[in-house]
Amino acid sequence: MQHSALDRIYLAFLLILIVSFGFLIFFISFFTRRSLISEKKTTLTNESTLIASQAVSNYMAGKLTAAGLATLFDYYSETLKSDIWYVDESGKIIATSGYFDDNTSAKTSMATSDRPTIAIQKKLPRSIYNLAPKYDIHKNTSEVSDFHGIYSDDVISVNAPIVLDYYDTKTGKTTRVNSGALIIHSDTEDINSMLKNIYSISFIPCLVIIIIAFALLQIISHKVLRPIKKLAEVAQEYSRGDFDVQTEIDSDDEIGQLASSMEYMASELSQLEEYRHEFISNISHDFRSPLTSIKGYVTAMQDGTIPPEKQSRYLGIVLDETNRLTKLTQGLLDLNRLEIYGPYMNLTDFDFIDIVRTTLNTFEIKCIDKNIAIFLNNHAEQTIVTADKTKIQQVVYNLLDNAIKFTPSGKHIYMTINEKGEKLLVSVRDEGIGMSEETQKKIWTRFYKDDTSRGKDKAGTGLGLAITKEIIKAHNETITVTSTEGVGSDFVFTLKKAVADATHSGETQILVNPTNFN
């Protein structure tokens, strides 16, 4: 039988309460019992002093016989609910309460003392030393035991030595004489009854506390476990492919955050199939277009549609299309390698300005053709960075190529370099067509091309920004984009500065300025 999390919590909570209350009651009863026993030992010791002064002293003075002493012991025994023994200095048991044996000298005919005050399981010996050879009657001692097997249950036994003062009429002196000991045995029935009362009194509050605790646990479980159960049900629906189910949990706590994360995950997963179709469509388009061109021109040259004198021109077109396919294939392989294995990083210290200038030179003709100006604004005192020079140059190339692609004629592109702590902040901002928020989420996806560029950028592979992101990620840096439709886009990435000093501080230059710029 499968148990829910709530069942386990209830069981664990119940065990914790039972164990906690069990330990609590155990310690309370333990220390209460010890305190009560200690108090009773004190009481019995005090009573032994009184009995010795009133009864034993008369017996020692000859005013009272052993039988009379036993009678007094019976009286005290009824009051104290205890057995009382008198042992003389030689260890002989002279008189006891409620117990008669032919071996003792305490022979009486008291009709009221036909049984012991406390249950005895064997006869008393003539001497205490026959019962316990090492027993010391001269020490104040106390113990809780069956007193060497005499009693069937544990009793509290107190040994109280008796020292009496005797006045010698001849000499007129008073001397102190050891006169044996009183041994008083008291059962623990009253203590056990008190502990039972403590148990019964404690049981009801514990039961009430457990009931209240479970009621509160039920309330808490409805607020905590019910949302978790709902999340589990929603997750099951997601596993079946139904991503339209909502958690219906709206709270600011951790469960609410988890619910929001799950709904966001479902939203992304629901678009996975769309992304897959879009990916296949893009790669099919990018491979089909050049292959169609190559096939068409080669077929035309084979059947003579293109005369031999013009074949050189069309072979150049075929070569361009082949290069485009090669570039597309290589870019796809590079991106796949970056995502799976990570790039091989050849970290060196170099001046970032140098690769910017070199890269900008490659776009000079394209900028002149499109009538676009590129400005470099350097506000950094240090432009020496630690990175893979070749891959960072590829990043700069991809970002500038992307900016030129979407910037209309007569507009500007700005490359700005700033410092922030140990980082360089590089911005590539264009005055192009901009992007929607939805497009900004997709531009890092391989083969993604904005619909506005479809058909215009036939040479593009749709892999440039995806590769750019992987390279920056491999450097443990960040790249972000901010864009507004009709205004332009701003790509910003970071690089780690090296220790070397820079020499290109505060420059603002036009790197590419077409001669026919309006």
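**Exercise 1.** Is K423 buried or partly exposed? Work out the surroundings of its salt bridge as well.

*Solution.* The model is predicted: local features need pLDDT of at least 70, side-chain atom pairs count only at pLDDT 80 or more, and totals for chains, interfaces and linings use all residues. Residues are numbered from 1 along each chain as its sequence is written, and side-chain values use heavy atoms, with hydrogens and water left out.

Step 1. Take the cut-offs: buried means under 20% relative accessible area, exposed means over 50%, and partly exposed lies in between (1.4 Å probe, protein chains only).

Step 2. K423 has 29% relative accessibility and therefore counts as partly exposed.

Step 3. A salt bridge is a side-chain nitrogen of Lys or Arg within 4 Å of a carboxyl oxygen of Asp or Glu. E477 forms one with K423, with the closest N and O atoms 2.9 Å apart.

Step 4. The pair links distant parts of the chain, 54 residues apart: E477 is in the loop between α12 and β11, and K423 is in strand β10 (residues 423–430). Helices (H or I, at least four residues) and strands (E, at least two) are DSSP runs, numbered from the N terminus.

Step 5. E477, at 11% relative accessibility, counts as buried.

**Exercise 2.** Describe two further salt bridges and the exposure of their members.

*Solution.* Step 1. A search of the whole structure finds four salt bridges.

Step 2. K366 and D401 form one of them, with the closest N and O atoms 3.1 Å apart. This pair also links distant parts of the chain, K366 in helix α9 and D401 in helix α10, 35 residues apart.

Step 3. K366 is partly exposed at 36% relative accessibility, whereas D401 is buried at 19%.

Step 4. K497 forms a salt bridge with E419, the closest N and O atoms being 2.8 Å apart. Here 78 residues separate the partners: K497 is in the loop between β12 and β13 (508–512), E419 in strand β9 (residues 412–420).

Step 5. K497 counts as buried at 12% relative accessibility, and E419 as partly exposed at 30%.

**Exercise 3.** Analyse strand β11 and its partner.

*Solution.* Step 1. In a regular strand the side chains alternate between the two faces of the sheet.

Step 2. In β11 (residues 479–484), I479, V481 and S483 form the covered face, and T480, T482 and T484 the uncovered one.

Step 3. Two strands pair if DSSP finds at least two bridges between them. β11 pairs with β12 (residues 488–496) in the antiparallel sense over six bridges, and S483 stands opposite S489 in β12.

Step 4. The two strands form a hairpin with three residues between them, and G486 in the turn has a positive phi of about 85°.

**Exercise 4.** Which residues touch the most other members of the largest nonpolar core?

*Solution.* Step 1. A nonpolar core is a set of buried Ala, Val, Leu, Ile, Met, Phe, Trp, Tyr and Cys residues joined through side-chain atoms within 4.5 Å.

Step 2. The largest core has 41 residues, and F352 and F493 touch the most other members. Helix α10 (residues 389–405) gives the largest share of this core, seven residues.

Step 3. Contact means heavy atoms within 4.5 Å. Not counting residues up to four places away in sequence, F352 touches T383, V385, I392, V396, M415, I417, L424, V426, F493 and L495.

Step 4. A second, separate core has 26 residues, including I51, V56, F73 and I191.

**Exercise 5.** Compare the settings of two residues with positive phi, H148 and N371.

*Solution.* Step 1. Most residues other than glycine have a negative phi.

Step 2. H148 has a positive phi near 60°. H148 lies in the loop between β3 (141–145) and β4 (155–168) and is partly exposed, with a relative accessible area of 36%.

Step 3. N371 also has a positive phi near 60°. N371 is in the loop between α9 (364–370) and β7 (373–378) and counts as buried at 8% relative accessibility.

**Exercise 6.** Where is I306 found, and what does I306 contact?

*Solution.* Step 1. I306 is in the loop between α6 (272–302) and α7 (308–340).

Step 2. The relative accessible area of I306 is 7%, so I306 is buried.

Step 3. Leaving aside neighbours within four places in sequence, I306 is in contact with Y297, A300, M301, Q311 and Y314.
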